[in-house]
Each structure stands twice: as structure tokens, then as C-alpha cells.
Amino acid sequence: MSAPTPHATPERPHPAELLKRRWPTALAVALSLPGLIGGGSADVAGTVGGYGDALPLLPLLYVILNQIGKPRWTWPVLGAGLATMVALRALDVVAPSTVFVALALVLLVWGAVRGTPHGPATFRVQAAGALIFGGLALAGLAVDPDLGRYLVAAGWFFHGVWDFVHMWLDKVVARTFAEWCGVIDVLVAVELLFLV
């Protein structure tokens, strides 16, 4: 006797349909698995440094997209941010975290002077996020890696919460990005917490 094949019903969608709707989550899990599986043997200082350098990129993306006012640009802005991070690491002249925090501060000043498409309340929320997450990253990089991993993990975890709130609000960034980034962020936090 063979196992029953999954059938789609109004209350239970077909697995392919579910995957089609939740592709950001599936992609995030697939990208995170290597770090989660091999995380226990990782160099703590190197892992904390890498994730600490990358953390300020996350709120920077939100600040950029808040200034642009077009969530459909989310994925191209992410691509540009990742390319910038790779280039900065390859050049090894200045830490990516320093560049991302400086860019966020410039954009925040620009937004305060010029205004933003989403209005002052959303701008203040994005500014707070940039300062909090950037601060956690810089603090995590400045202290001993054993303590730093908890600060950086907190930044990644709470940015994941931030993403899920933005996904629910459907504002500033694309919902698909908010879902993908939220899952990645939480999984990175788990990886950092369980480094041995």
C-alpha cells in the first residue's frame, strides 16, 4: 500500500502552492543552513566580526528605502548593499560597519532636512532603528568577542522582529524582503548564540 499523496483542499493548500507563497522563508532557511550546521566549530571572533560588520547594512536598507519611498526597489537595493559589503571586505581599507553607519547617518540628516515620502513618524522609527541596530553592531565589535556575540545576536534577533513588524505593516520595504530578512535575522541570532 503506498502512502497517500498530499491533496490540496480549501483548508490545506498543496505543498507546492505553500512553497510558492512562502518562498522567502524557504530561501532564508536554505541560505542559513550551512552556518547553522557548521556554526559550532566556527571561530567566535571571526563570526562575530563578520556578522557585526554586516548588521548595520540591515537598518541602512530601511533608511534608503524610506527615503526612496518605493518598496519595489527593495531587492535591487539589497543587491547593491551586498555588493558594497563584498567590495569593502575585498579592499580591506575600512570596515563595512563603519561605512554603513556613516551612510545611515548621512541619510538620516538628509531625511531630517528634506523630509521623507512616508512622513515624519515613519522617518523617526527608521532613524531609531538605524541608531539602535548600528549601536548594537558597533558595541558588539568593540568588546570581547564572547560578550560581543550576545550584543550582535541581540541586534540580529531584534532586527528580525523589526522585519516581521514591517511585513505585517506592509510599509517601507517589500513584504517578501521583510519575510526573508526576518527569517535570516532570527537564524543568524541563533547561530551566534550557539557558537561553541
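**Helix α4, length.** I began with helix α4, residues 57-68, in this predicted model. At 1.5 Å a residue its 12 residues should span 16 Å, and because the C-alpha atoms at its two ends lie 16 Å apart, I note that the expected span and the model agree.

**Helix α4, burial.** Next I asked how many of the 12 residues of α4 are buried. I found that 10 of the 12 are, so α4 is largely enclosed by the rest of the structure. The buried residues I wrote down are Leu 57, Leu 58, Pro 59, Leu 60, Leu 61, Tyr 62, Val 63, Leu 65, Asn 66 and Gln 67. Looking up what they pack against, I listed α3 (44-54), α5 (74-91), α6 (96-114), α7 (120-142), α8 (145-169) and α9 (175-193). Just past the helix I noted Gly 69, which follows α4 and has a positive phi, near 80°.

**The nonpolar core.** I then turned to the largest nonpolar core, which has 44 residues, and asked which of them touch the most other members. They are Tyr 62, Trp 156, Val 173, Phe 177, Trp 180 and Leu 192. At least two residues of this core come from each of α3, α4, α5, α6, α7, α8 and α9, and α9 gives the most, with 10 residues. Tyr 62 thus appears in my notes twice, as a buried residue of α4 and as one of the core residues that touch the most other members.

**Trp 180.** I followed one of these core residues further and, leaving aside residues up to four places away in sequence, found that Trp 180 touches Pro 24, Leu 27, Ala 28, Leu 31, Trp 75 and Leu 78.

**The chain as a whole.** I counted nine helices and zero strands. Of the 196 residues in the chain, 41% are buried. Among contacts between residues at least 6 apart in sequence, I noted that 77% join residues at least 24 apart. The accessible surface comes to about 10400 Å², and carbon and sulfur atoms account for 72% of that area.

**A nonpolar patch on the surface.** Last, I looked up which residues form a nonpolar patch on the surface, and recorded Val 143, Leu 147, Tyr 150, Val 190, Leu 193 and Phe 194, which together have about 540 Å² of accessible area. Both α8 and α9 supply at least two residues of the patch. I checked Val 190, which lies in helix α9: its relative accessible area is 33%, and because this falls between the 20% limit for buried and the 50% limit for exposed, I entered Val 190 as partly exposed.

Methods:
Residues are numbered from 1 along each chain as its sequence is written. This is a predicted model: local features need pLDDT of at least 70, side-chain atom pairs count only at pLDDT 80 or more; totals for chains, interfaces and linings use all residues. Side-chain values use heavy atoms; hydrogens and water are left out. Helices (H or I, at least four residues) and strands (E, at least two) are DSSP runs, numbered from the N terminus. The expected span of a helix is 1.5 Å times one less than its number of residues. Buried means under 20% relative accessible area, exposed over 50%, partly exposed in between (1.4 Å probe, protein chains only). Contact means heavy atoms within 4.5 Å. A nonpolar core is a set of buried Ala, Val, Leu, Ile, Met, Phe, Trp, Tyr and Cys residues joined through side-chain atoms within 4.5 Å. Accessible areas come from the Shrake-Rupley method with a 1.4 Å probe; for residues, only the protein chains shown count as cover. Patches are made of residues with over 30% relative accessible area and no salt bridge: like charges are joined within 9 Å, nonpolar side chains (Val, Leu, Ile, Met, Phe, Trp, Tyr) within 5 Å. A salt bridge is a side-chain nitrogen of Lys or Arg within 4 Å of a carboxyl oxygen of Asp or Glu.
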